[in-house]
Amino acid sequence: MADTETQRHKKLYIETVGCQMNVLDSELVVGKLRGEGYELTDDIRQADTILYNTCSVRQHAEDKIYSALGRIRRLKERRPELSIGVLGCMAQKDQDLILKRAPFVDVIVGPGQLGRVTELLDKAKAEQKPQMAVSLERTAGSRDHVTASFAEYDPLREPAMRPNAFQAFVRIMMGCDKFCTYCVVPSVRGPEQSRPAEVIVAEARQLADQGVKEITLLGQTVNSYKFQETDGRVTRLSDLLLRLHDIDGIARIKFITNFPNDMTDDLLQAVRDLPKVSRYLHVPAQSGCDEILKRMKRMYTAALYDDMLARIHATIPDASVSSDFIVGFCGETEESFEKSVRLVERARFKNSFIFKYSPRQGTKADLLFNDDVPEEVKKRRNNDLLALQSTISREDNRRLLGKTFEVLVEGPSKSAGSVEGQDGRGLGQLAGRTWCDRIVVFDGHERLIGRFVPVTIEDASSVTLFGRVLTTETISPGA
Ligand code: SAH
Ligand code: SF4
Ligand code: F3S
């Protein structure tokens, strides 16, 4: 076909916002497009196809995409042959609005239809009109159907698509059924479904064969994972971890994000007993106030969250725990906010992500409650909680001075730029993570990237540990 020739030279530019699910989705979309002859470019002006993989969780994430679309409007006017696509959660939530605000967009593809991006790009070109695909049509039916839908969702992985060769995300669940009242995710990602354990294990094996050492299992509430096998047995996350643990080559396993009520003892014991599993648990609390938690429909109280934390620390004494908080949710008084402050003080999280409540159309909270906390109050509470968390993180990090941790070296430190840029011999600042997911920055040779090395901590800020590698490579880089 004539098209094949032209496509061979197609240049693809993609921008991704949102959570790790989106990062993985973009990897898969790019993998598919590369298979069709596209090549990636970092330079938007060089691109023939521009894709935005979007997020709807807060207004700010959506605004970012509308401004990006505003910026490329001119580009499209000058080069009408340019293909522009909006993918992911915003495409799902607001397909008509996107087309209204950016009528020059060629494809709008929801998270359930990403396997069709190339086909839709071609169709948009052939028919000279925008194409939309936003069905979340998924299964719940037969087992074969479940497997097939996941196969479509998670096609075979290409090593070249990952940010580095030794780390990979693995989706173990899609969707969410928790319906927290503020959250748009269940409506844009569809119902919760657990991927068959054997398919996950096969994917992890394949990744290990490709040289992946660390896998991060993804699910909106990853610890709610449950897959019913044909013989009726149920595979829980703890069972899955055990099976993944057996895979040669996989050295570290992480999983995000956890729902507090599903932090069961069997899971905590698995984290304690399986040395390859990272002792890091991200378990968002969202608030420390019972009335607010109830309004959010989180289905636990602050006391229950405390109990869960106590169980974590009793079972895995060296575990690190991180959290998310929403400040300024509907009806949050100074008193209710203070309760979140108290929870942060009690819990001493490794870190917390703090968000100002952003009303999302169509959610229960938006329908039932008033967004009654003024923006400047939200801002102040956000800053206050963040400042408190930073103080705690810094204090706890400084307790680690002098200790030595095993770190998986991920690459050049972001602040340092490229390793090569630092020193012609490949010496420079590297960054990696400990078994408790703490970021460590240290000087080292680039050949350490992708390896586990012992690092002794010499300094610490609230977000970063600074250390020195205990290997001959650092002492004698040329050796
Ligand atoms: N599935 C994960 C996280 C989903 S979204 C979980 O349940 O923990 C990531 C974070 O965004 C949430 O933990 C929450 O803190 C925040 N968030 C979700 N909806 C929001 C909204 N409408 N406004 C502000 N923050 C929100
Ligand atoms: Fe959203 Fe709640 Fe589901 Fe997390 S658990 S994705 S916050 S509805
Ligand atoms: Fe955003 Fe969708 Fe993830 S709304 S947080 S990209 S699931």
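For the classes used below, Ala, Val, Leu, Ile, Met, Phe, Trp, Tyr, Cys and Pro count as nonpolar, Asp, Glu, Lys and Arg as charged, and the others, Gly among them, as polar. The structure in these exercises is a predicted model.

**Exercise 1.** Determine how the residues around ligand 3 divide by class.

*Solution.* Begin with the list of neighbours: ligand 3 is surrounded by Gly-18, Cys-19, Asn-22, Cys-55, Ser-56, Val-57, Cys-89, Arg-189 and Gln-220. Next, apply the classes to that shell, which divides into four nonpolar residues, four polar residues and one charged residue.

**Exercise 2.** Carry out the corresponding analysis for the shell around ligand 2.

*Solution.* The residues that surround ligand 2 are Cys-176, Lys-178, Phe-179, Cys-180, Tyr-182, Cys-183, Val-185, Pro-186, Gln-220, Thr-221 and Arg-298. Sorted by class, they give seven nonpolar, two polar and two charged residues.

**Exercise 3.** Describe the surroundings of ligand 1, working from individual polar atoms to the domains that contribute to its shell.

*Solution.* First, identify the neighbours: there are 15 residues around ligand 1, of which Arg-58, Gln-220, Gln-286, Asp-324 and Ser-358 come nearest. Second, examine the polar atoms, for which the cut-off is a pair of N or O atoms within 3.5 Å. An oxygen atom of ligand 1 lies 2.9 Å from a polar side-chain atom of Arg-58, and an oxygen atom of the ligand is 2.7 Å from an N or O atom in the side chain of Gln-286. With Tyr-182 it is a polar backbone atom that takes part, at 3.0 Å from a nitrogen atom of ligand 1. Third, consider the cover: on its own, ligand 1 has 540 Å² of accessible area, and the protein covers 89% of it. Fourth, assign the shell to elements, where strand S15 (320–327) and strand S16 (352–356) are those that give two or more residues. Finally, the shell comprises six nonpolar, four polar and five charged residues, with at least three residues drawn from each of domain 2 (162–278) and domain 3 (282–398).

**Exercise 4.** Explain why strand S13 (residues 252–256) is described as largely enclosed by the rest of the structure.

*Solution.* The criterion is that buried means under 20% relative accessible area. Because five of the five residues of S13 are buried, the strand is largely enclosed by the rest of the structure. Taking the faces in turn, Arg-252, Lys-254 and Ile-256 are buried on one side, and Ile-253 and Phe-255 are buried on the other. As for pairing, S13 runs parallel to strand S10 (residues 214–218) over five bridges, with Phe-255 as the bridge partner of Leu-217.

**Exercise 5.** Trace the pairing of strand S20 (residues 452–460) with strand S17 (residues 404–412) and with strand S21 (residues 464–469).

*Solution.* S17 and S20 pair in the antiparallel sense over five bridges, and in this pairing Thr-404 has Thr-456 of S20 as its bridge partner. S20 also pairs with S21, again in the antiparallel sense and over five bridges, where the partner of Thr-456 is Arg-468. The connection from S20 to S21 is a hairpin of three residues.

**Exercise 6.** Decide whether the loop residues Thr-41 and Arg-195 are buried or exposed, and find a polar contact for each.

*Solution.* Thr-41 lies in the loop between strand S2 (39–40) and strand S3 (49–54), and its relative accessible area of 12% makes this residue buried. The side chain of Thr-41 reaches the backbone nitrogen of Asp-43 at 3.0 Å. Arg-195 belongs to the loop between strand S9 (193–194) and helix H9 (197–209), and is likewise buried, with a relative accessible area of 2%. Its side chain makes a polar contact of 2.6 Å with the side chain of Glu-203.

Definitions and conventions: Residues numbered from 1 in each chain as written. Chains lettered and ligands numbered in written order. Predicted model: local features only at pLDDT ≥ 70, side-chain atom pairs only at ≥ 80, totals over all residues. Heavy atoms only, no water. Polar contact = N/O pair within 3.5 Å; in protein donor to acceptor, adjacent residues only side chain to side chain. Areas by Shrake-Rupley, 256 points an atom, 1.4 Å probe, with all protein chains shown as cover. Helix = DSSP H or I, 4+ residues; strand = E, 2+ residues; numbered from the N terminus. Domains from an automatic or database assignment. Pairing = 2+ DSSP bridges. Near = heavy atom within 4 Å. Buried < 20%, exposed > 50% of the residue type's maximum accessible area, 1.4 Å probe, protein only.
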